[in-house]
Amino acid sequence: MSYNDLINIDEFWQKKEEFKEERWDVAFYCKDCRKIVQTNRPNPNWYKFVCNECWWSNIAIWTFEWLKSNYKIK
Ligand SMILES: [Zn+2]
């Protein structure tokens, strides 16, 4: 492996870093509570989130700004 390959791999990981879930400004919107809520993820292998307030999984996950404009959150 050449030095250039190492540079490329390093850049790749830096870019990949940007897509990490923790680094998104994501929020959870409960369509039943009609507000931004905290959620539980009962099984880490499923992309299923449960509302901490009503315990239903009618959850939309996206950026806070998007949820705000799409669901007209005040
Ligand atoms: Zn809810």
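Where is Ile73 found? Ile73 sits in the segment after helix 2. This report starts there and works through the rest of the fold. The model is a predicted one.

**Overall layout**

The protein has 2 helices and 5 strands. Along the sequence they follow the pattern α-β-β-β-β-β-α. The protein has 74 residues, and 5% of them count as buried. Take the contacts between residues at least 6 apart in sequence: 40% of these join residues at least 24 apart.

**The sheet**

An open sheet of 3 strands has the order 2-1-5. Its pairing is antiparallel. The edge strands are strand 2 and strand 5, and each of them pairs on one side only. As a rule, strands of a sheet pair through backbone hydrogen bonds, in a parallel or an antiparallel way.

Take strand 1 with strand 2. Strand 1 covers residues 26-30, and its antiparallel pairing with strand 2 runs over 2 bridges. Which residue is the bridge partner of Cys30 in strand 2? Lys35 is that partner. The two strands form a hairpin with 4 residues between them. In this hairpin, Arg34 takes a positive phi near 60 degrees.

Now take strand 1 with strand 5. These two are also antiparallel, and they pair over 5 bridges. Val26 stands opposite Thr63 in strand 5. The C-alpha atoms of Thr63 and Val26 are 4.1 Å apart in space, while the residues are 37 apart in sequence. Thr63 counts as exposed because it has 12 C-beta neighbours inside 10 Å.

**Lys35 and its surroundings**

Lys35 lies in strand 2, which spans residues 35-36. Why is Lys35 partly exposed? Lys35 has 15 other C-beta atoms within 10 Å, so it falls into that class. Setting aside neighbours within four places in sequence, Lys35 is in contact with Cys30 and Ile73. Cys30 is thus named twice for Lys35: as a contact and as its bridge partner. Lys35 can also be placed against Lys74. The two are 39 residues apart in sequence, and 9.3 Å separates their C-alpha atoms.

**Ile73, after helix 2**

Back to the segment after helix 2, where Ile73 is found. Ile73 is partly exposed because 13 other C-beta atoms lie within 10 Å. Which residues does Ile73 touch, not counting those up to four places away in sequence? They are Lys35, Ile36, Leu67 and Lys68. Lys35 belongs to strand 2. Ile73 and Ile36 are 37 residues apart in sequence, with 8.4 Å between their C-alpha atoms.

**Phe64, in helix 2**

Phe64 is placed in helix 2. Phe64 is partly exposed because it has 15 C-beta neighbours inside 10 Å. Its contacts, leaving aside neighbours within four places in sequence, are Asp25 and Ala27. Ile36 comes up here as well: its C-alpha atom is 8.5 Å from that of Phe64, and the two residues are 28 apart along the chain.

**Pairs across the sequence**

The table sets out pairs named above, with their separation in sequence and their C-alpha distance.

| Pair | Apart in sequence | C-alpha to C-alpha |
|---|---|---|
| Lys35 and Lys74 | 39 residues | 9.3 Å |
| Ile73 and Ile36 | 37 residues | 8.4 Å |
| Phe64 and Ile36 | 28 residues | 8.5 Å |
| Thr63 and Val26 | 37 residues | 4.1 Å |

**Positive phi angles**

Arg34, in the hairpin of strand 1 and strand 2, has a positive phi. Two further residues with a positive phi deserve a look.

Trp55 has a phi near 65 degrees, a positive value in a residue other than glycine. Where is Trp55 placed? Trp55 lies in the loop between strand 4 (50-51) and strand 5 (59-63). Is Trp55 buried or exposed? Trp55 is exposed, because 9 other C-beta atoms lie within 10 Å.

Lys72 is not a glycine either, and its phi is positive at about 55 degrees. Lys72 is in the segment after helix 2, which covers 64-70. With 8 C-beta neighbours inside 10 Å, Lys72 therefore counts as exposed. Ile73 is in that segment too, but Ile73 is partly exposed.

Methods: Residues numbered from 1 in each chain as written. Predicted model: local features only at pLDDT ≥ 70, side-chain atom pairs only at ≥ 80, totals over all residues. Buried ≥ 20, exposed ≤ 12 C-beta atoms within 10 Å, placed from the backbone. Contact = placed C-beta atoms within 7 Å. Pairing = 2+ DSSP bridges.
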